[in-house]
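Please work through the exercises below with the sequence and the model at hand, trying each task before reading its solution.

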Amino acid sequence: MGEVLEEVRIWNTPVIGAYLLWRFTKGYASTHPSGDAPVALLHFVAVAILTSQQLSAPVSNMRADLPSYLRSFEDSKSSDTLLSIHERTKARLAYTLRAIDIAVAQGLLFWDTETAQLYPKSELKKPSRGNALKSVHEQTGKKAEILGNWFGRQDLASIANYLKIVF
Amino acid sequence: MNFQLLQLIIWPKNAEFPPRQVNFQPGMLNVITGASRTGKSAIIPIIDYCLASGDCSIPIDTIRDFASWYGIVFQTDYEQVLLARRVPLGNQVSNDFYLLRSAIVSVPLTIPDKNETTDGVKNYLNTISGMPYFNLGGEDDKKAYTARLSFRDLMALIFQSQDIVANQNILFYKTHAHEHREKLRNWFPFILGAENLDTLKARQRIQVIEKRLNQLRREFDKTKAVSSAWKANMEGHLRVAKEYGLLQEENLQNADPEALLNMARQILQVIPEHSLTEFKDIDTANKNIADLEAEERYLSAEIGLVKKRLSDVKRLSTGLTDYESSIRKRVDRLQISKWLEEVSTETSGCPACGSTEHPNGKAELRKIASVFSTIEQQSKTLAEVPTSFSREEQRLNQELETLIDNKKDFQRRFDLIMQTNSEARAEFQRRKNMYLFLGNMQASLATFESLVDGGELQTEIALLEREYTDLMATINEYTVRARIDAATARIAQGVLRHLKTLDVESKYREVAPRFDTKDLNVSVLSNDNHWHYLGQVGSASNWVSFHIALMCALQEYFLSQPVSCVPSFVIFDQPSQVYFPKLKRNQIATETDLQFPDEDVEAVKGMFKTIADSIRAMNGRWQSIILDHADDTIYGDIEGVHEVEVWRDGNKLIPEAWYS
C-alpha cells in the first residue's frame with residue numbers, strides 16, 4: 001500500500017520528476033560512447049521504472065548494466081514485475097510530458113526538436129546552505145543517474161528488447 | 001526451434017585485415033572440404049564457444065593467436081542474431097560477448113566493445129529456445145542432474161565432432177562427462193515432448209500439496225482423537241444446564257452429536273446480555289482487539305496485493321504467452337509518437353502546460369512526434385516473455401495460500417480472545433457460577449461444532465486430495481513412459497529408413513533399432529534375437545552410419561513437434577574418416593589424386609545423400625554442415641548440397657596473410 005502512496009507523492013510533484021529526468025539525462029550522456037544525449041522516448045521508459053519501488057529497487061551500482069538489472073527479476077522470481085514496464089510507460093505518458101516540460105522550463109533540459117533529443121544542462125550551482133536536497137531525493141536522483149548510465153551504453157532497440165517493450 | 005547458421009566470422013588481431021567470414025546456406029547440406037590442418041575441426045569448438053560454452057576447445061596457436069573475436073550469425077523465426085565472443089586468454093574463457101539482433105544483421109568490421117556477459121547470453125539463448133524455468137524435482141530441488149534445463153545441454157544434439165561421429169559407445173557431444181550425461185538423460189523426456197510445461201508445473205504443485213496434506217491430516221487426526229471425549233464433555237455440560245433449569249430435555253444419553261449441539265445453542269441464545277463489567281477489563285480487551293484489527297488489515301492488504309499481481313500475471317500470460325503454440329506474440333505497441341501527435345492537436349494552449357504564452361509549443365511538439373515516429377519504426381521489435389514467467393504464477397499462488405492460511409489462524413486467535421473476554425465479563429455477573437459455566441460451555445460448543453460437522457479440515461483435505469489425484473494423472477509415470485516409447489519408436493523408424501541408404505550390414509536395414517533415452521544409446525537385434533548396444537556391433541562403418549541416421553531422425557522428429565527447444569542444425573566433423581583414414585604427411589600434397597576403393601566412395605556418397613535427402617524431405621527446415629576431406633567428386637551431383645569453401649592450396653580458416 002505504501003508503495004502506491006510513494007508513487008503518488010513523487011508524481012504529483014512533477015518538480016521531483018523533472019529533477020529525476022535531468023539526472024537520468026546526465027547519466028546517459030556521461031556513458032554514451034560519443035557523449036550524445038538520449039532520445040526523449042527513453043525518458044518515458046525511465047519514468048516507468050523510476051516511479052515504481054519494485055522496479056527501481058535493483059537499480060544500483062551493485063549491478064553492472066542493463067542485462068544484469070534484467071536478470072535481477074528472474075533471480076528474485078518476479079519476472080512479472082519486469083513485464084509491467086510496457087504498461088506502466090503507457091499509463092504515465094502525460095506525467096512524463098509534464099515533468100519534461102517543467103525540466104525544460106527550469107532550464108535543466110533542452111530540446112533538440114530536429115532529433116527529438118533532450119540535452120542536460122551540465123553544471124548547476126551548488127545549492128546554498130539550507131537548500132540542499134532531501135537525502136531521499138538525492139537517493140532517487142542517484143538511481144536515475146545509474147539508469148541513465150545503463151541506457152547510455154545500449155542502443156534504443158536493445159533497450160526495448162531488454163525491457164520487453166515495443167515502441 | 002528454427003535456429004540455422006548463416007555465418008561464422010573470425011575477427012583478426014591485426015585490424016588492418018577484414019574479418020574472415022564463412023557463409024552457410026540455411027536449409028541445405030553445407031560442405032567445407034579441405035586438406036588436413038586447415039582448421040576444419042576448429043569449426044565445432046568455435047561455434048560451441050560462441051554459444052557460451054563454459055570451456056574452450058578451440059585449437060591453440062594459429063587459430064587463437066591471430067584472432068581477436070569469434071562470432072556466428074544465425075537465423076531464428078524472427079530475426080538474425082550476431083553473437084561474438086572474445087578470444088580466450090590462456091586457459092581462461094572470456095566473459096565478453098557482443099550480441100546484435102536485427103531483421104538483417106550486417107557484420108561490423110571490428111567489434112566495438114562487449115555488450116553482454118556469459119550469463120546474459122545464456123539467458124538470451126534460454127529465452128529464445130523456450131527453456132522452462134523449472135527444476136525437474138520441484139523448486140527446492142538442488143540436485144545438479146535435475147537442475148533447470150539449459151540451452152547449453154542441447155549442444156549434445158547438434159555437434160558430432162571427430163571423436164563422436166564414429167564412436168561406438170557415445171552418441172552425443174560432451175556426454176562423456178557424467179554430469180552432462182545425467183542431465184541429458186533426465187531431461188530427454190522433456191526434449192522429446194513426452195513431458196511438457198504442464199507436467200513440470202504439476203510436479204511443483206504436487207510437492208506443495210503433499211506438504212499441506214500432511215499437515216492437515218495431522219491436525220485432523222488430532223481433533224478426531226479428542227472428539228469422543230468431547231461428546232462426553234458436552235453431555236456433562238448439558239446435565240449441569242438442566243440442573244440450573246436452563247434445559248428441559250430428558251434424554252441426553254442417546255442423543256446424537258447434532259442434537260446435543262442444538263440444545264447447547266438454544267441455551268446460549270436465550271441468556272440475557274449483561275454489561276456489568278469493570279472498566280479495566282474493557283480497556284485491555286479493546287487494546288487487544290485494536291491490535292488484532294491492525295493485523296487483520298495488514299493481512300487483507302497483503303492478500304489484495306498478491307491477488308492483484310496474480311491477476312496481472314494471468315492476464316499477461318493469456319495475452320502475451322502461449323507456450324504450446326509460440327513463445328512470443330506481439331504486444332500492443334506504445335506508440336508514444338501517436339499519443340504526442342494527438343495531445344498536440346487536441347489542446348488549445350501549450351500541450352504540455354496549457355499556457356498560451358508560447359505559441360510555438362504545438363508545432364515543436366509535432367516536430368518531436370514525427371521524429372519519434374521515425375525512431376519507433378526503426379526499433380520495431382518483438383517482446384519476448386521470460387521463461388521464468390510460469391514459475392512466478394506458481395509462486396504467487398503459493399504465497400496467496402500461505403496468506404489465507406495466516407488469516408484463518410488469525411481468525412481463530414481472534415475468536416479465542418473474544419471468548420476469554422466474554423468469560424471475563426461473565427465472572428462479574430451476579431449469578432457468577434452459572435455464567436462462568438455458560439462461558440465454558442460456549443467455548444466447548446465452538447470446538448464441538450467444528451468436530452461434529454467434520455470442520456473445514458475435512459473439506460480442505462478432500463479438495464486437496466482431488467487436486468492431487470488429478471495432478472498425479474498428469475504426471476503419471478506410465479503415460480509419460482508411453483509417450484517416450486511412442487517417440488523413440490518413431491525415431492527408431494526414422495533411423496531404419498535412413499540406414500537403407502547408408503553403409504551398414506544388410507541385416508540392420510531390416511529391423512528398426514532401439515533408441516534408449518535412459519542409456520542414451522542405440523541397440524540392435526543380433527542374429528540370435530538378443531538386443532545389443534552399438535558398442536557390441538562391429539565395424540566403424542556401422543557406427544558412423546548409426547550416428548548419421550540417428551541425427552537425421554532426431555531432427556525430423558523435433559521438426560514434427562509443435563514446439564521444440566532443439567536448434568535445427570547438426571554439424572558433422574569428418575564422417576568419412578572410417579573410409580579415408582588419416583594420410584601420411586608426404587601424401588598431403590597429392591591428396592586429391594588419391595584413389596580410394598569404389599565401394600568406399602559409394603558409402604561416403606551415401607552419407608551425403610542421406611543427410612541432403614532428409615533436409616529436402618523436411619523442406620529445408622533444418623540444416624547440416626559437414627567438414628570433410630571428401631571433395632566434389634563425391635558430393636558434386638547430389639541435390640541439396642552446398643559447397644561452402646574448398647580449403648586447399650593455401651586457402652584455410654585463418655588466412656595466411658594474417659601471420660606471414
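**Exercise 1. Chain B as a whole**

What does the accessible surface of chain B come to, and what percentage of it belongs to carbon and sulfur atoms?

Solution. The model is a predicted one, and in it the accessible surface of chain B comes to about 31800 Å². Carbon and sulfur atoms hold 50% of that surface. Turning from surface to burial, chain B has 660 residues, of which 50% count as buried. Its secondary structure consists of 17 helices and 13 strands. Finally, among the contacts in chain B with a separation of 6 or more, 71% are made by residues 24 or more positions apart.

**Exercise 2. An open sheet**

Find the order of the strands in the open sheet of 5 strands in chain B, and then identify its edge strands.

Solution. The order is β7-β11-β12-β3-β13, and the pairing is parallel. The edge strands are β7 (159-160) and β13 (641-647) of chain B, since each of them pairs on one side only. Within the sheet, β11 (residues 569-573) and β12 (residues 623-628) of chain B run parallel and are joined by 5 bridges. As a point to locate on the model, B:Asp573 has B:Leu627 in β12(B) as its bridge partner.

**Exercise 3. Two hairpins that share a strand**

Trace the chain from β8(B) through β9(B) to β10(B), and describe how these strands pair.

Solution. Begin with β8 (residues 514-516) of chain B, which runs antiparallel to β9(B) and is joined to it by 3 bridges. In this pairing B:Phe515 stands opposite B:Val522 of β9(B). The two strands form a hairpin with 4 residues between them, and in the turn B:Leu520 has a positive phi of about 50°.

Next, β9(B) pairs with β10 (residues 531-533) of chain B, again over 3 bridges and in the antiparallel sense. Here B:Leu525 stands opposite B:Trp531 in β10(B). This hairpin has 5 residues between its strands, and B:Asn529 in its turn has a positive phi of about 65°. As for β9 (residues 521-525) of chain B, the strand is mostly covered, with 4 of its 5 residues buried.

**Exercise 4. Two helices, their spans and their buried residues**

How far do helix α9 of chain A and helix α16 of chain B reach from first C-alpha to last, and which of their residues are buried?

Solution. Helix α9 of chain A covers residues 135-152, which is 18 residues, and it reaches 25 Å, close to the 26 Å expected at 1.5 Å a residue. Its buried residues include A:His137, A:Thr140, A:Gly141 and A:Ala144, as well as A:Trp150 and A:Phe151.

Helix α16 of chain B covers residues 598-617, which is 20 residues, and it reaches 28 Å, close to the expected 28 Å. Among its buried residues are B:Asp600, B:Ala603, B:Val604, B:Met607, B:Phe608 and B:Ile611. A reader who looks for a pattern in such a list may recall that an α-helix has 3.6 residues a turn, so residues three or four places apart point the same way. After α16(B) comes B:Asn619, whose phi is positive, near 55°.

**Exercise 5. Two serines**

Are B:Ser53 and B:Ser541 buried or exposed, and what do they touch?

Solution. Take B:Ser53, which lies in the loop between α1 (43-50) and α2 (62-65) of chain B. Its relative accessibility is 1%, and because a residue under 20% counts as buried, B:Ser53 is buried. Its side chain reaches the backbone oxygen of B:Asp55 at 2.5 Å. Not counting residues up to four places away in sequence, B:Ser53 touches B:Asp48, B:Arg85, B:Arg152 and B:Lys174.

B:Ser541 lies instead in helix α15 (residues 540-560) of chain B. Its relative accessible area is 16%, so B:Ser541 is buried too. The side chains of B:Ser541 and B:Ser539 make a polar contact at 2.7 Å. With residues up to four places away in sequence left out, B:Ser541 touches B:Asp503, B:Val578 and B:Tyr579.

**Exercise 6. Cysteines**

How many disulfides are found over all chains, and how far from B:Cys50 is the nearest cysteine sulfur?

Solution. A search of the whole structure finds 0 disulfides. For B:Cys50, the nearest cysteine sulfur is that of B:Cys56, 9.5 Å away. B:Cys50 is buried, at 0% relative accessibility, and B:Cys565 is buried with a relative accessible area of 5%.

Definitions and conventions
Residues numbered from 1 in each chain as written. Chains lettered and ligands numbered in written order. Predicted model: local features only at pLDDT ≥ 70, side-chain atom pairs only at ≥ 80, totals over all residues. Heavy atoms only, no water. Expected span 1.5 Å × (residues − 1). Buried < 20%, exposed > 50% of the residue type's maximum accessible area, 1.4 Å probe, protein only. Pairing = 2+ DSSP bridges. Polar contact = N/O pair within 3.5 Å; in protein donor to acceptor, adjacent residues only side chain to side chain. Contact = heavy atoms within 4.5 Å. Disulfide = S-S within 2.5 Å. Areas by Shrake-Rupley, 256 points an atom, 1.4 Å probe, with all protein chains shown as cover.
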